[in-house]
Amino acid sequence: MIPFLDLQSQYQSIKDEILDAVTACLESTQYTLGKEVAAFEEEFAAYSGGQLGVGVNSGTSALHLALLAAGINPGDEVITVSCTFVATVAAIDYCGARPVFVDVEPETLNMDVRQVESAITERTKAILPVHLHGQPADLDPLMEIARRHKLIVIEDAAQAHSAEYKGRRVGSIGDLGCFSFYPGKNLGAYGEGGMVVTNHEDYARKVRMLRDWGQESKYHHVLKGFNYRMEGIQGAILRVKLRHLDAWTEARRHHAASYGKLLVDAGLQLPVEAPYSRHVYHVYAVRTPQRDTLQHSLQAKGIQTGIHYPIPVHLQNAYCEFGCGVGQLPVTEKAAAELLSLPMFPELQEAQIEAVATAIHEAAHNG
Ligand SMILES: Cc1ncc(COP(=O)(O)O)c(C=O)c1O
């Protein structure tokens, strides 16, 4: 049996450090925000090349508050992609704004920058690219368009901790960057967590207030806020895990290279690392029109896989009001029918990668 993700072996490898950090946090009684969260905010913002970090209780909350801090109001339009996890679009909807979808590039499955300019209207306020599967979107041309049209860029970096665009870490290149620390992410909490990273003090200040009931000082509610605070224990755990992130990222990249070598002639479309990017392989997704057959035959051999994501957001029932149905985003729709994510986590063994590759070759041979 080869799991898609193995959180257990990672926990075992750092258990002593984690238990020490959790115990110290419990002893401190700083269970929500507190000094561990403050230290993690500083460390993770710096790690991501940003000046300021504000810890929140999920990546979704990070996106919601980043949009609010950017001044997104009901009726505004935000240009984004449908080839993403639903949270990207939900956060725009939470603000009463309208997501305007553009298609993605066939190779990277990230926002097709060439389509952005024609999607801009007088209501457009922001652009929200997603660094899908851990590969940065093409940010330079996007930033150039945004500056010319006076739009705010919010990066959805939920899957892309430590990914680089032209040598710079993502999350600090746009005006605001949003991270998720959901347990399965490249940097995952033992519960929920998220962060907004920015170089702008006014945005950081607003996010800080909004995550804690809009308070400027205790019981002085300047803004209509939320309870989106990061827990102290998650801050303590994430500080420990951040120290291992470089090694874990290297391991993911090594596994991706192994898959790449072993699957080169397997008849699949393999992920492509764009010349400007350092991909961190949160997801290693291959593509084939026979996706479902391949998934079933791997499952029969005890190999778990995933699909990220089977239905694009513009075709989801909950969000169909923002789409125009099938055929609107052909590249996104084709990808949703063909993507298959193979097991990928730092502790994956070379022998397991070989077993996955052998099973794929056998499936191709029999199919
Ligand atoms: C691209 C993307 N955006 C946003 C989110 C939301 O993060 P969270 O699950 O921490 O709310 C996720 C993760 O699930 C994601 O993959």
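Student: So helices (H or I, at least four residues) are DSSP runs numbered from the N terminus. Which ones supply at least two residues each to the lining of the largest pocket?

Tutor: That would be α3 and α4. A pocket is an open set of points on a 1 Å grid over the protein atoms alone, with protein on both sides within 12 Å along at least five of seven lines, and lining residues have an atom within 4 Å of a point. This is a predicted model, where local features need pLDDT of at least 70, side-chain atom pairs need 80 or more, and totals for linings use all residues. Residues are numbered from 1 along each chain, and side-chain values use heavy atoms, without hydrogens or water.

Student: Okay, and which helix gives the largest share of that lining?

Tutor: α3, with three residues. The whole lining has 26 residues, and F85, Y182, K185, H282 and Y309 lie nearest the centre of the pocket.

Student: What's the mix of classes there?

Tutor: Eleven nonpolar, eleven polar and four charged. Asp, Glu, Lys and Arg count as charged, Ala, Val, Leu, Ile, Met, Phe, Trp, Tyr, Cys and Pro as nonpolar, and the others, Gly among them, as polar.

Student: Where does the ligand sit?

Tutor: In the largest pocket, meaning that more than half of its atoms lie within 2 Å of the pocket's grid points. Helices α3 (59-69) and α4 (87-94) are the elements that give two or more residues to the shell around the ligand. Of these, α3 gives the largest share of the shell, three residues.

Student: How many residues surround the ligand?

Tutor: There are 16, with G59, T60, D156, S180 and K185 the closest; a residue counts if one of its heavy atoms lies within 4 Å. Six of the shell residues are nonpolar, eight are polar and two are charged.

Student: Which atom of the ligand does D156 pair with?

Tutor: A nitrogen, 2.7 Å from an N or O atom in the D156 side chain. That is a polar contact, a pair of N or O atoms within 3.5 Å. The S180 side chain has an N or O atom 2.7 Å from a ligand oxygen, and a polar side-chain atom of Q159 is 2.9 Å from an oxygen of the ligand.

Student: Switching topic: what lines the second largest pocket?

Tutor: It has 13 lining residues, and T288, Q290, L294, A363 and A364 are nearest its centre. Both α10 (291-300) and α12 (350-366) supply at least two of the lining residues, with α12 giving the most, four.

Student: How many charged residues are in that lining?

Tutor: None: the lining of the second largest pocket has six nonpolar and seven polar residues.

Definitions and conventions. A polar contact is a pair of N or O atoms within 3.5 Å; within protein, one must be able to donate a hydrogen and the other to accept it, and residues adjacent in sequence count only if both atoms are side-chain atoms. On a 1 Å grid over the protein atoms alone, a cavity is a set of points where a 1.4 Å probe fits but cannot get out, and a pocket is an open set with protein on both sides within 12 Å along at least five of seven lines; lining residues have an atom within 4 Å of a point.
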